[in-house]
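Q: I am new to this structure and should like to learn how its features are read. Could we go through them in turn?

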Amino acid sequence: MTRERRRALVGVVGGILLANTGSYIWFPVLVATLGGSDSGFWAGVVMCMTYVGRLLATFCYEGIAARSGVRTAVFLGTALEAVALGLMGFVDGVLAYSVLAFFIGFGSGTSFPGLKNVLVSFPEDERPKAFSAFQMAGQVGLFGGALSGALLADVELRTLFTVVFVFFAGFCLITSALLPRDGSGRTPDTAGGRVPLFSLAAFKGIEVRGATRYFLLSAAFWSLSLGFVVGIPLHMEEYVPGWAPSAPFWITGLSVLVLQYPLFQLFSKRFSPGAVMAVGLTGMTVAFVAFGAGRTAPWVVVGCLTVVLGEILFVPSFDLWISRRVPEDRLAKAMGAMHFFRSAGNMAGSLAAGILFDLSRSLGVAGGNWYVAALLAAGCALVCLSGRHSGAADGSRRTEDAEVTENEGTVRENV
């Protein structure tokens with residue numbers, strides 16, 4: 001790896017570490033605060049607005065990067081996010097929080113693709129190490145942010161968001177100092193402004209023949225995942241007030257750090273991607289039942305230890321699943337579809353978590369919101385199992401069972 005790429009990797013890894021740390025400081029505290037002072041619905045709305053902004057940024061990122069370069073796009077997105085987060089401590093009311101949350105999401109949706117662009121520009125043999133470091137930095141930031149958020153759980157929101165602003169200001173500085181201007185050391189061609197500033201071209205990747213139902217499954221998973229992210233701080237505020245709202249993320253963050261590689265290796269070497277995804281969703285089902293039935297600190301621990309199976313097993317297995325079922329000439333569109341359906345799932349999950357939490361309280365069904373999530377997770381697991389033996393996206397691609405047969409019973413290694 002050249003010196004320039006090593007510097008860029010340090011900038012990307014350092015940036016995502018600071019960003020995740022700052023994010024996991026503020027959002028569990030704010031969600032729990034809004035859930036107590038307003039309602040779960042409004043807490044969900046505020047979080048949903050971050051994903052509305054992130055999705056809208058999808059249609060602007062290419063135009064911004066073409067005009068300013070990748071490094072400047074990352075800087076502008078991070079600076080917007082930092083300013084909006086800083087202002088969060090000086091406003092009040094869900095309307096103001098929702099507006100600022102939109103700009104937080106728009107900034108994140110501009111900076112995050114830029115960081116990924118830098119890594120994609122690396123030579124193919126250097127990308128696995130780079131993406132591994134990126135993923136690890138994100139998990140370390142999650143864990144560190146959750147711990148820091150616990151220390152700041154009882155301070156005024158003005159102090160909390162000032163600390164978060166400092167983290168994102170550091171993000172701006174490190175990426176500005178270490179990233180090459182266009183992400184790869186080359187100057188982008190922006191003559192004539194050929195790339196529009198706002199383009200709906202990303203919609204072209206939403207429909208991918210033969211694979212749409214799989215993307216709907218992905219949207220359901222991300223809805224469940226965000227349902228946990230929004231729902232668990234509300235749950236802690238209501239049922240486990242002695243613990244910090246971010247406490248569950250200590251457990252999930254550390255669990256993913258420790259179990260991600262060995263657990264995925266163990267399952268992926270022995271089972272098809274569909275079966276591995278089903279195991280991940282089954283773990284989420286068990287977690288949601290534990291949250292709903294127990295509603296005490298020990299049950300929260302049990303649920304947090306099993307809900308991570310979704311991230312550990314479903315996410316990488318879904319990538320493998322799609323790569324096998326979507327023909328190579330449509331994989332580029334598939335990547336766009338994956339981003340769209342993930343964002344759609346995130347928005348739906350944020351809103352649904354708040355609404356179901358309020359509904360379960362008003363109906364007097366403690367934990368009812370988690371039972372609904374458990375039913376959805378179990379249904380998705382059955383879909384994964386039923387799709388294991390279905391054909392590929394076109395007749396030329398082999399099914400997973402055929403691959404096993406052709407390799408004389410040796411289970412194919414997926415990583």
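The dialogue below moves from the whole chain to its helices and then to a single residue.

A: Let us begin; please note that this is a predicted model.

Q: How many helices and strands does the protein chain have?

A: The protein chain has 14 helices and zero strands. Of its 415 residues, 52% count as buried. Among contacts with a separation of 6 or more, 84% join residues 24 or more positions apart.

Q: What span should helix α11 have, and how far apart are its end C-alpha atoms?

A: The idea is to compare an expected length with the model. Helix α11 covers residues 297-325, and its 29 residues should span 42 Å at 1.5 Å a residue. The end C-alpha atoms of α11 are 42 Å apart, which agrees.

Q: Where in α11 does a kink lie?

A: A kink of about 30° lies at phenylalanine 314, shortly before proline 316.

Q: How are α8 and α11 oriented to each other, roughly parallel or roughly antiparallel?

A: Angles over 145 degrees count as roughly antiparallel. Helix α8 (residues 212-239) packs against α11 at an angle of about 160°, with the axes 11 Å apart; the two helices are therefore roughly antiparallel. Their crossing is left-handed. The contact includes Phe221 and Trp222 of α8, and Phe314 and Trp321 of α11.

Q: Is serine 111 buried or exposed?

A: Buried means under 20% relative accessible area. Serine 111 has 3%, so this residue is buried. Serine 111 is found in helix α5 (residues 94-120). Leaving aside neighbours within four places in sequence, serine 111 is in contact with Val74, Gly77, Thr78 and Glu81.

Conventions:
Residues numbered from 1 in each chain as written. Predicted model: local features only at pLDDT ≥ 70, side-chain atom pairs only at ≥ 80, totals over all residues. Heavy atoms only, no water. Helix = DSSP H or I, 4+ residues; strand = E, 2+ residues; numbered from the N terminus. Expected span 1.5 Å × (residues − 1). Bend = angle between axes of the 7 residues up to and from the residue. Buried < 20%, exposed > 50% of the residue type's maximum accessible area, 1.4 Å probe, protein only. Contact = heavy atoms within 4.5 Å. Axes fitted to C-alpha atoms, helices over the stretch in contact; angles between N-to-C directions. Parallel < 35°, antiparallel > 145°, perpendicular 65-115°, else oblique. Left-handed = near helix turned anticlockwise from the far one by under 90°.
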